[in-house]
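Hello,

I am passing on a structure that I have been going through, with some notes on what turned up in it. Please have it open while you read what follows.

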Amino acid sequence: MLDQAIIEFDKALRTVFAPARSVRPVPGEDIPDAELSEAERRHAAALMRVNHVGEICAQALYQGQSMMSRDPAIRDTLRQASQEETEHLAWTERRIAELGGRKSLLNPLWYGGALGIGLLAGRFGDRWNLGFLAETERQVEQHLKGHLDALPATDQRSRAIVEQMKLDEAEHADTAMRLGAHRLPAPARGLMRLAAKAMTTLTYRV
């Protein structure tokens, strides 16, 4: 138990404070960077900061859910999804730097809150755990669609990253449904959307 606690604490520290690494190539890295106005560059950097925070939260959610899961196959699924989210973390972190932006100052807070939610979701059993995963990924997919509309049309590097992230999130949701996820009740889905809206609005600025 002590060894596992140390491993999980190390994972949290690495997620929040250490540079993330990607196995896959960064989407759009072969596309020349566009000439953006200062306002466009700030806007794109803020949107990518929001996406980066989303990946910070995904890491914490998956960590909490996998710690509580009783099914080895589901734990493996959560860990595999977490590995792909680590790549998203690396991609968004790199793009933020390229745009001259910064990561959210509240990342430790976001991580801690999402970890608590993941632990709570896991207590309801694996089917509801998977249901929470599926709904989270569906909402993130919709959020990323919105960012494709909001990003400057000429910022093809950012758009390539967001597009690949959207495809990955949809696959994670489909995987959860195939494993037997229960659909969350409407009030729970609504609360998740409200919480996500508050987080994204604050993160855009901080």
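The second largest pocket in this predicted model holds about 230 Å³ of space, and its lining is made up of Ile7, Asp10, Lys11, Arg14, Thr15, Ala18, Pro19, Ala20, Arg21, Gln59, Thr86 and Leu89. Two or more of these residues come from each of helix H1 (2-17) and helix H3 (72-98), with H1 giving the most, 5 residues. By class, the lining divides into 5 nonpolar, 3 polar and 4 charged residues.

Before going further, here is how to read the numbers. Residues are counted from 1 along each chain as its sequence is written, and side-chain values rest on heavy atoms, with hydrogens and water left out. As this is a predicted model, local features need pLDDT of at least 70 and side-chain atom pairs count only at pLDDT 80 or more, while totals for chains, interfaces and linings use all residues.

Rolling a probe the size of a water molecule over the atoms shows where empty space is left. On a 1 Å grid over the protein atoms alone, a cavity is a set of points where a 1.4 Å probe fits but cannot get out, whereas a pocket is an open set with protein on both sides within 12 Å along at least five of seven lines, and a lining residue has an atom within 4 Å of a point. Points are joined across faces, edges and corners, and a volume is the space filled by probe spheres set on them. Helices are DSSP runs (H or I, at least four residues), numbered from the N terminus. Ala, Val, Leu, Ile, Met, Phe, Trp, Tyr, Cys and Pro are taken as nonpolar, Asp, Glu, Lys and Arg as charged, and the others, Gly among them, as polar.

The largest pocket has about 1,200 Å³ of space. It is lined by 46 residues, of which Thr136, Gln139, Met192, Ala195 and Ala196 are the closest to its centre. Helices H2 (38-68), H4 (107-122), H5 (126-150), H6 (156-178) and H7 (186-205) are the elements that give two or more residues to this lining, and H5 gives the most, with 12 residues. The lining of the largest pocket has 27 nonpolar, 12 polar and 7 charged residues.

As for enclosed space, there are 2 cavities of 30 Å³ or more. The largest cavity, of about 40 Å³, is lined by Val26, Pro27, Gly28, Glu29, Arg94, Arg95, Glu98, Arg157 and Ile161. H3 and H6 are the elements that give two or more residues to that lining, and H3 gives the most, with 3 residues. In the lining of the largest cavity, 3 residues are nonpolar, 1 is polar and 5 are charged.

Several of those lining residues, including Glu29, Arg94 and Glu98, also appear among the salt bridges (a side-chain nitrogen of Lys or Arg within 4 Å of a carboxyl oxygen of Asp or Glu). The whole structure has 15 of them. Arg94 pairs with Glu29 at 3.6 Å, N to O, a link between helix H3 and the loop between H1 and H2 that spans 65 residues of chain. Arg94 also meets Glu98, at 3.1 Å, and these two residues sit 4 residues apart in helix H3, about one turn of the helix. Through shared partners, salt bridges join Glu29, Asp33, Arg94, Arg95, Glu98, Asp155 and Arg157 into one network.

How far apart are the closest N and O atoms in the salt bridge between Asp168 and Arg24? They are 2.7 Å apart, although Asp168, in helix H6, and Arg24, in the loop between H1 and H2, are separated by 144 residues along the chain. Asp168 counts as buried because its relative accessible area is 7%, where buried means under 20%, exposed over 50% and partly exposed in between (1.4 Å probe, protein chains only). Arg24, at 27%, is partly exposed.

Lastly, Val206, in the segment after H7, is partly exposed at 25%, and its C-alpha atom is separated by 6.1 Å from that of Leu105, 101 residues apart along the chain.

Best regards
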